[in-house]
Amino acid sequence: MKTNNNIPAYRFQGYTDAWELRKLGEVAEMYSGGTPSVGKKEFYEGNIPFIRSAEINSHNTELFLSELGLSNSSAKMVNKGDLLYALYGATSGEVGLAKISGAINQAILAIIPSIGYSSSFLLQWLKREKNNIIEKYLQGGQGNLSGAIVKDFFILFPTLPEQEAIGTFFSTLDRQITLHQRKLDTLKEQKKTYLKLLFPAKGQTQPALRFQGFEDDWKEMKLGELLSYEQPTKYIVESTEYSDEYSIPVLTAGQTFILGYTNENLGIKYASKDNPVIIFDDFTTSSHYVDFQFKVKSSAMKLLYSTSSDNNFYFIFQVLSRINYKPENHERHWISKFSQFEILIPTLPEQEAIGTFFQTLDQEIAQVEDKLASLKEMKKTLLRKMFV
């Protein structure tokens, strides 16, 4: 047994023993299964869940084996709570504790720790090392892992009580991350539903769902009549040497949104809650509502403003975000396409009711996104600090 005197940066109180370096194959039993013959239909007419690598962390499976299929093939059983590790293809390196008892094939390695070793500790170590393992053994993702490779992983282990403390801690943190992810997914699905219900369907002049007191038909206007534009040239950042120590965000209208922060104090766009702006990617047609000061990365966007105080700007932003258009060519789209689109709008009071509703919902989504990102970043930091 090799001993390494390294200790993690963070430890739970009361633990002082050195961590011991062991090969995983020395401290755990491992096995994979096989795939029942696809040509024999009777193998797939039973009630034994057939867990595939993409289903490691799922309660549900799509295929079920019969006892005949299990006994006449190399598929192997695993129990709920067993540690499962994906070996093949795009899922290589994925790991989880089995949510159900079922059968596995050769794409999954079951890892059953010996007495004195914790599945929950190993789970977190394998999560922590996933990228390093793929880079070392799969040349950036090409090829498959194997049981022989996994057995040769060298891991530093603390005592079992410390393993269990670490495993329990990260299991609790994982549950928090999962709960926030589910909440975020639910909120986003709710928004999709309300965007359908609170706006008229194609060919209609009234939405299916309305706030109380509104009955008038919506009227048709061109989007370019509701929004004017400005070229962003004078707000383009000069240096891309960004730093979190600086205060001015540099924005893109794409998915990344905030590219970084600059200390440049000239050419700042002074948007605010009272004077918001929409940044519109002229090539991808994605957009963001911005109510804080910023600079931009390039001229490949338009800054959009409301043409009249008789319209609610956040409502117009929702109208813009609902447009189902997929760019087919690498060309600018605002002037030639989007400004000409015919859209429907209600009276100002109804615009304000809808705009306020979605602004509140978007703020809740943003809060959950921020909390989720914070939890994930916290976990990354703690995985570095609590393991050797």
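## Ile248 and its contacts

In this predicted model, Ile248 of strand 14 has contacts that reach well beyond its own strand: with neighbours within four places in sequence left aside, Ile248 touches Gly260, Tyr261, Thr262, Glu264, Ile268, Gln293, Phe294 and Lys295. One of these partners, Gly260, is 12 residues from Ile248 in sequence, and the two C-alpha atoms lie 8.4 Å apart. The relative accessibility of Ile248 is 6%, and the residue therefore counts as buried, the limit being under 20%.

## Positive phi in two loops

Strand 14 (248-251) is joined to strand 15 (258-262) by a loop that contains Phe257. The phi of Phe257 is near 70°, a positive value in a residue that is not glycine. Most residues other than glycine have a negative phi. Phe257 has a relative accessible area of 18% and is buried.

A second case is Thr285, in the loop between strand 16 (277-281) and strand 17 (287-290). Thr285 is likewise not a glycine, and its phi is positive, at about 70°. With a relative accessibility of 12%, Thr285 is classed as buried.

## Lys222 in strand 12

Lys222 belongs to strand 12, which covers residues 219-222. Its relative accessible area is 31%, so Lys222 is partly exposed, a class that lies between the limits of 20% and 50%.

Apart from neighbours within four places in sequence, Lys222 is in contact with Ser339, Gln340, Phe341 and Glu342. The separation of Lys222 from Thr205 is 17 residues in sequence and 15 Å in space, C-alpha to C-alpha.

## Helix 3 and its packing on helix 9

Helix 3 spans residues 119-128, and eight of its 10 residues are buried, so this helix is largely enclosed by the rest of the structure. The buried residues are Ser119, Ser120, Phe121, Leu122, Leu123, Gln124, Trp125 and Leu126.

Helix 3 packs with helix 9 at an angle of about 105°, their axes being 10 Å apart. This angle makes helix 3 roughly perpendicular to helix 9. Gln124, Lys127 and Arg128 of helix 3 form the contact with Lys379, Leu383 and Arg384 of helix 9. By class, the contact of helix 3 with helix 9 comprises one nonpolar, one polar and four charged residues.

## Asp174 in helix 6

Asp174 lies in helix 6, which runs over residues 160-197. Outside its neighbours within four places in sequence, Asp174 is in contact with Gln124, Lys127 and Lys379. Gln124 and Lys127 of helix 3 and Lys379 of helix 9 are also among the residues that make the contact between those two helices. Asp174 counts as buried, with a relative accessibility of 14%.

## Helix 8 against helix 9

Helix 9 (residues 348-386) also meets helix 8 (residues 313-322): the axes come within 7 Å and cross at roughly 75°. Helix 8 is thus roughly perpendicular to helix 9.

On the helix 8 side, the contact involves Tyr314, Phe315, Ile316 and Gln318; on the helix 9 side, it involves Gln351, Ile354, Gly355, Phe358, Gln359 and Asp362. The residue classes in the contact of helix 8 with helix 9 are five nonpolar, four polar and one charged.

## The chain as a whole

The chain contains nine helices and 20 strands. Its radius of gyration is 28 Å, well over the 21 Å that the globule rule gives for 388 residues, so the chain is more spread out than a compact globule. Along the principal axes, the C-alpha atoms fill a box of roughly 75 × 55 × 40 Å.

Of the 388 residues in the chain, 42% are buried. The chain exposes about 21,000 Å², and carbon and sulfur atoms supply 48% of that area. Among contacts between residues at least 6 apart in sequence, 70% join residues at least 24 apart. The contacts of Lys222 with Ser339, Gln340, Phe341 and Glu342 and those of Asp174 with Gln124, Lys127 and Lys379 provide individual examples of contacts beyond four places in sequence.

Note on methods: Residues numbered from 1 in each chain as written. Predicted model: local features only at pLDDT ≥ 70, side-chain atom pairs only at ≥ 80, totals over all residues. Heavy atoms only, no water. Axes fitted to C-alpha atoms, helices over the stretch in contact; angles between N-to-C directions. Parallel < 35°, antiparallel > 145°, perpendicular 65-115°, else oblique. Contact = heavy atoms within 4.5 Å. Nonpolar A, V, L, I, M, F, W, Y, C, P; charged D, E, K, R; others polar. Rg over C-alpha atoms; globule rule 2.2 N^0.38 Å. Buried < 20%, exposed > 50% of the residue type's maximum accessible area, 1.4 Å probe, protein only. Areas by Shrake-Rupley, 256 points an atom, 1.4 Å probe, with all protein chains shown as cover.
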